[in-house]
Amino acid sequence: MNVKIAESWEKILFEEFEKPYFKELTNFVREEYKSTTCYPKGNQIFEAFNLCDFNNLKVVIIGQDPYHGHGQANGLSFSVNDGIAHPPSLINIFKEIATDLKIDYPKSGNLERWAKQGVLLLNATLTVRAHNAGSHQKKGWEQFTDAVISKISEDKENVVFLLWGGFAKKKGLKINSSKHYILTSGHPSPLSANRGYWFGNQHFSKVNSYLKSKGLNKIDW
């Protein structure tokens, strides 16, 4: 497992990397990547951190697992590589963006462009076995990403957290709501969206209004 992570994150997470659970997690992931096909690529496991500098962090979007289909996952929650068909949740995210901001449906499903503007696209579990959803859950990743969220809450202020669905809302329980702006809605998956829990949440315009109110650059969604 390639644990190379951007220096700005290394400084605040180094204690986690030294804990016994993380060393066990590292061993587990290394063995999985050696013995079977896993996603994302080893050098993209920490891509969410490497593309979004801690000092530039403005928004956190919490996902659950990486995509487990061939060529989809690229280390960013909800994001897929260029040339890959948009998964259903991403389609609904883009539909909401188009309606909310009155812009065209985005063509590229690769959300690197968001990450580089300060959006941390954080999956709760950073790796998965091919075609086996949830296969790397409860191995230590959740403890690590809980620590990431707690560190952001403690060390930053005026960060926008987008918590979509019950899982993300539970994941965000440790966020200090007096320091940060928390937006919640249903998950963009078809099951939730088609029941009326996603469309119309206007999260993307609300994020930009908040950032503007704090004198920060808006996100070009």
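A pocket, in the sense used here, is an open set of grid points with protein on both sides within 12 Å along at least five of seven lines, and its lining residues are those with an atom within 4 Å of a point. With that in mind, the predicted model described here can be explored from its pockets outward.

The largest pocket has 32 lining residues, and those nearest its centre are Q64, D65, Y67, F78 and H187. Its volume comes to about 540 Å³. Three elements, namely β2 (59-63), α4 (88-101) and α7 (165-171), each contribute at least two residues to this lining. Of the elements, α7 provides the largest share, with 4 residues. In chemical character, the lining of the largest pocket is made up of 15 nonpolar, 16 polar and 1 charged residues.

The second largest pocket holds about 160 Å³ of space. Its lining consists of Q64, D65, T125, Q137, K138, E142, D146, F167, K170, K171, L173 and K174. Two or more of these residues come from each of α6 (141-155) and α7. Here again α7 gives the largest share, this time 3 residues. Sorted by class, the lining of the second largest pocket contains 2 nonpolar, 3 polar and 7 charged residues. A reader who follows both pockets will meet Q64 and D65 twice: these residues lie nearest the centre of the largest pocket, and they also line the second largest pocket.

From the pockets, attention can turn to a single tryptophan. W198 is found in the loop between α8 (190-193) and α9 (203-213). Its relative accessible area is 0%, so W198 counts as buried. Leaving aside residues up to four places away in sequence, W198 touches N92, I93, E96, W164, S185, G186, H187, P188, S192, A193 and F204. One of these contacts, H187, is also among the residues nearest the centre of the largest pocket. For a sense of scale, the C-alpha atoms of W198 and L120 lie 20 Å apart in space, and the two residues are separated by 78 residues in sequence.

The model also contains salt bridges, 7 of them by the rule applied here. Three can be introduced in turn. In the first to be described, the side chains of K11 and E7 meet with an N to O distance of 4.0 Å. Both residues belong to helix α1 (residues 7-17), and because K11 and E7 are 4 residues apart there, about one helical turn separates them. K11 and E7 are both exposed.

Another salt bridge joins E18 to K23, with 3.6 Å between the closest N and O atoms. E18 has a relative accessibility of 54% and therefore counts as exposed. K23, in turn, counts as partly exposed because its relative accessibility is 42%.

The last pair to be described is E32 and R129, whose side chains meet in a salt bridge at 2.7 Å, N to O. This pair links distant parts of the chain, 97 residues apart, with E32 in helix α2 (residues 20-35) and R129 in strand β4 (residues 128-129). With a relative accessible area of 8%, E32 is buried, since buried means under 20%. R129 is partly exposed, because its relative accessible area is 31%.

How values were computed:
Residues are numbered from 1 along each chain as its sequence is written. This is a predicted model: local features need pLDDT of at least 70, side-chain atom pairs count only at pLDDT 80 or more; totals for chains, interfaces and linings use all residues. Side-chain values use heavy atoms; hydrogens and water are left out. On a 1 Å grid over the protein atoms alone, a cavity is a set of points where a 1.4 Å probe fits but cannot get out, and a pocket is an open set with protein on both sides within 12 Å along at least five of seven lines; lining residues have an atom within 4 Å of a point. Grid points are joined across faces, edges and corners, and a volume is the space filled by probe spheres set on the points. Ala, Val, Leu, Ile, Met, Phe, Trp, Tyr, Cys and Pro count as nonpolar, Asp, Glu, Lys and Arg as charged, and the others, Gly among them, as polar. Buried means under 20% relative accessible area, exposed over 50%, partly exposed in between (1.4 Å probe, protein chains only). Contact means heavy atoms within 4.5 Å.
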